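Me: I would like to understand why certain words are used for parts of a protein model, and how one can check them. Could you take me through a few?

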Amino acid sequence: MVKPIAAINDFVVKFANVNGSGSASANGLFVKAILRMGVPVAARNIFPSNIQGLPTWYEIRVSGQGWMGRRGGVDLMVAMNPQTWDRDLAEIEPGGYLFYDSTKPMPATRFRDDITVVGAPLTAICNAAYVEPSKRKVLKNIIYLGVLTYILGIEPEVVEALLREEYASKPALVGANIEALNLGIDHARKTLKPLGLRLERADAVGDRIFVDGNTAAGLGAVYGGATVCAWYPITPSTSLAEAFTDYCKKLRHDPETGKARYAIVQAEDEIASIGMVVGAGWNGSRAFTCTSGPGVSLMQEFIGLSYFAEIPAVIFDVQRGGPSTGMPTRTQQSDILSAAYASHGDTKHVMLLPEGPGECFEFGAQAFDLADRLQTTVFVMLDLDMGMNEWLIPPFQWDDSRPLDRGKIMTAEMLEAGADFGRYLDVDGDGVPYRTLPATHPSKGAYFTRGTSRDRYARYSEEGAVYVDNMERLLRKFDTAKSLVPAPIARKARKATSYGVIYYGSTAPAMDEALAVLEAKGLHLDALRLRAFPFPGEVFDFIASHELVFVVEQNRDAQLRALLINEGGVDPARLVKVLNYDGSPITARFIAGEIGGLMGTTEKATTGEMAK
Amino acid sequence: MTYIAKPAFHHPSLNTNALGFTRRDYEGRVSTLCAGCGHDSISAAIVQACFEIDLEPHRLAKLSGIGCSSKTPDYFLGASHGFNTVHGRMPSVLTGANLANRELIYLGVSGDGDSASIGLGQFAHAMRRGVNMAYIVENNGVYGLTKGQFSATADKGSKSKKGLVNHDSGIDMVALALQLGATFVGRSFSGDKEQLVPLIKAALAHRGAAFIDVLSPCIAFNNHAGSTKSFDWVREHNEAVNHLDIMVGRAPVTASYDPGELVEVTQHDGSVLLLRKVAADYDPTNRVKAMAFLQDRQAAGEIVTGLLYVDPEAEDLHMSLETVEAPLNALSDAEICPGSRALDKINARLR
């Protein structure tokens with residue numbers, strides 16, 4: 001018999017449910033209860049592209065130490081879906097726990113002997129207490145929440161308080177839910193023993209907030225001054241436009257007239273979405289669209305127009321599993337290359353790479369300053385993991401003294417004073433020209449915007465030298481961008497090392513833990529988290545100062561590594577791929593196992609799909 | 001597109017409008033289209049219309065897609081900002097521009113390939129959203145810049161210059177616009193400036209999606225026998241339902257008409273449309289009847305022109321979205337950025 005796992009405030013619970021069964025709210029309460037006990041939690045929803053009837057999972061990392069990535073492995077499986085029983089059972093760590101509905105007897109062969117099996121006749125309890133099918137369906141979830149509350153040591157008062165808050169607007173439901181909770185708690189107290197996995201009150205959450213990246217990015221767009229949003233529904237980006245809409249309704253109405261200081265259009269497709277963004281950007285409004293990989297594919301032509309005609313635009317790309325329709329409800333970082341070089345001809349685009357909801361807010365606002373300053377498309381590259389899962393992060397901050405940077409706009413006064421206006425004239429060497437907005441001046445400053453080549457004064461030209469002059473200026477502008485985008489963040493290893501690791505985006509929290517795990521084994525690496533493209537020079541200095549640099553990302557083709565090689569002329573042999581692309585968020589164990597293995601230890605990851 | 005600027009000087013006795021502008025102030029660069037192209041007549045009609053309604057040239061934004069017709073915004077209103085966008089997608093760009101600044105006048109210029117083939121979807125959605133604009137399709141039934149392929153408005157059975165017969169049904173943009181909810185729909189002919197100029201004036205004054213289908217024969221690739229978009233064919237089959245005069249800011253004069261001969265429509269901006277009836281009992285304010293009449297006459301082989309439908313009380317996209325009166329692109333930082341105190345409250349709700 002394997003010894004049952006014993007852990008306090010440090011374990012992984014996974015709920016296996018059927019989607020559309022109402023489990024999400026019970027699972028959400030479970031997470032919030034742990035947070036209210038002062039214990040940090042990271043929760044990830046693994047769901048199908050479906051509304052009802054297919055398997056869905058909710059994986060919860062409880063970490064008193066504050067590790068917010070996926071660890072890998074499952075210590076307690078709450079197996080509520082018979083369809084996925086076998087694979088759910090197989091995922092439990094040796095010594096782990098299985099909780100299931102024991103109403104129907106199961107043969108011993110359906111279990112494992114190296115785990116602790118905990119059954120409760122949830123359906124029987126529920127059916128005895130409730131007659132209406134709707135109550136039976138929903139309250140069964142609250143009953144299992146009650147059982148878990150007892151066997152894990154969650155404070156019942158905390159859960160009760162949450163239920164009162166949750167149903168504050170429907171008081172009739174509070175009593176029924178608390179009753180169901182107590183049915184579960186009472187049953188557990190009488191028949192079950194607490195598990196070796198325990199929750200204890202702590203003070204490790206502080207003033208942190210629990211929020212998903214799409215909400216954060218939508219709020220960032222409000223703070224960044226976006227006034228036009230044109231979008232088309234696509235998973236996993238839809239909730240970003242919805243969050244922007246909700247926050248605008250609360251924060252952006254004229255207090256006197258009640259009228260909207262924003263315009264949101266649900267367009268007929270992604271092409272029209274980006275077209276509206278380009279039109280609004282041309283006319284001086286801050287505008288954005290949000291989409292995922294398939295939408296970016298459709299937007300290519302307009303992205304090229306924005307690059308070449310130099311029109312500000314912001315695109316939030318909440319990446320999902322590709323190619324084609326791919327895995328619409330799974331996560332990947334697989335649009336990096338197609339965003340960086342989107343559209344035909346020679347193009348390059350600014351990309352911001354947030355690590356989680358905090359930077360989704362920060363970069364979500366900053367993207368509009370950069371788009372106006374650089375007069376081009378700026379991508380903010382989220383992914384499904386950070387976009388649709390709530391993460392525990394420090395509270396959002398805003399500096400009220402920070403003005404919106406609207407970039408180089410030539411005014412009527414400047415034109416009156418005799419400024420030499422050339423729409424594509426580089427007056428100060430940074431590659432960024434001045435622009436006029438329509439209707440600036442009755443007789444000066446009008447120009448014809450076009451996607452065809454033209455000279456510095458926006459006059460059509462097919463002359464080779466004129467074309468090259470313009471393309472070279474666009475490169476200078478891209479160089480300027482290097483000094484404006486968020487700088488990479490370096491973390492020195494405790495001991496001098498010739499190994500480095502580069503990572504970005506939602507890999508960050510798993511990387512934090514992996515680096516600690518590796519360090520504990522005596523494996524030291526300097527780490528660099530990239531936060532934007534184009535890459536500033538320090539990225540290549542970092543690579544040059546290490547013999548071997550691991551590049552950790554969540555796609556098959558090592559896209560960021562390819563971008564580093566292409567943009568920096570780096571010797572590919574120095575950049576070692578570490579890739580997780582099965583659609584589930586990368587785990588600390590996977591990273592530590594892969595890098596540890598490559599650095600010479602034999603210990604490889606034992607769990608996590610990519611390690612199998 | 002041309003890079004030749006027209007000389008700016010003009011005869012001192014040239015008439016000026018109420019703003020002191022001459023007609024020349026509404027012109028653009030020299031056209032590079034083929035001599036005799038219908039599109040150049042439409043550009044001239046746009047110049048005249050804008051001159052006559054005393055429009056401040058810089059208060060208009062002109063947008064187009066790709067193709068011969070979409071090149072024309074370079075040839076009129078040189079003091080206006082222009083945007084030659086991408087093929088078939090001008091409607092979305094114009095929509096976005098309009099959202100950013102509701103105070104400007106928006107003129108969309110497109111062709112039949114641009115709006116009926118590649119851009120049919122965007123055309124449809126801009127109409128149904130009620131984007132406040134005048135949208136002119138310079139319709140010649142053919143791809144001129146790529147030398148003579150049929151476009152989607154070419155009639156079934158019509159012949160190309162090379163002698164090919166078109167097997168596909170032609171799209172009737174007027175019927176589509178009516179069905180999609182456009183609130184001003186007209187059709188005209190590039191060779192009939194007397195009809196076209198007042199239509200453009202009324203469309204520019206209209207609040208909402210105003211659409212004018214202008215048959216504009218392609219002198220190079222679609223002006224032969226067997227074409228239903230040639231000068232001769234259009235002249236022979238043109239049936240005007242009414243004659244339009246538009247009064248902007250002036251009292252209408254109706255004395256010279258017999259009762260029942262005239263329809264008077266006042267648009268939201270106070271402009272008065274005086275429609276002298278040509279076809280008996282044609283009511284341009286009844287969408288359903290207009291659609292039926294057009295289907296009927298089309299089946300009889302006529303090309304019905306004139307102001308076919310107008311809803312003088314139409315609402316536009318900004319009214320649907322309930323946006324502020326001020327242009328969104330002119331809002332101050334304080335009006336669009338909620339600040340740290342609001343953020344503290346948001347943080348509190350996320351705990």
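Reply: Here are some terms, each set beside its definition.

This is a predicted model, in which local features need pLDDT of at least 70 and side-chain atom pairs count only at pLDDT 80 or more, while totals for chains, interfaces and linings use all residues. Residues are numbered from 1 along each chain as its sequence is written, and chains are lettered from A and ligands numbered from 1 in the order in which they are written.

Me: What makes helix α1 of chain B mostly covered?

Reply: A residue is buried if 20 or more other C-beta atoms, placed from the backbone, lie within 10 Å of its own (exposed if 12 or fewer, partly exposed in between), and 12 of the 15 residues of α1(B) are buried. Among them are H39(B), I42(B) and F51(B).

Me: How do you know that the span of α1(B) agrees with what is expected?

Reply: The expected span is 1.5 Å times one less than the number of residues; for the 15 residues of α1(B), residues 38-52, this should give 21 Å, and because the end C-alpha atoms are 21 Å apart, the two agree.

Me: Why are β10(A) and β11(A) called paired strands?

Reply: Two strands pair if DSSP finds at least two bridges between them, and strand β10 (residues 228-231) and strand β11 (residues 263-266) of chain A have four bridges in the parallel sense, so they are paired. Within this pair, W231(A) stands opposite Q266(A).

Me: Which helix does the chain pass through from β10(A) to β11(A)?

Reply: The chain crosses through helix α8 (residues 238-251) of chain A.

How values were computed: Helix = DSSP H or I, 4+ residues; strand = E, 2+ residues; numbered from the N terminus. Right-handed = clockwise from strand over helix to strand, strands pointing away.
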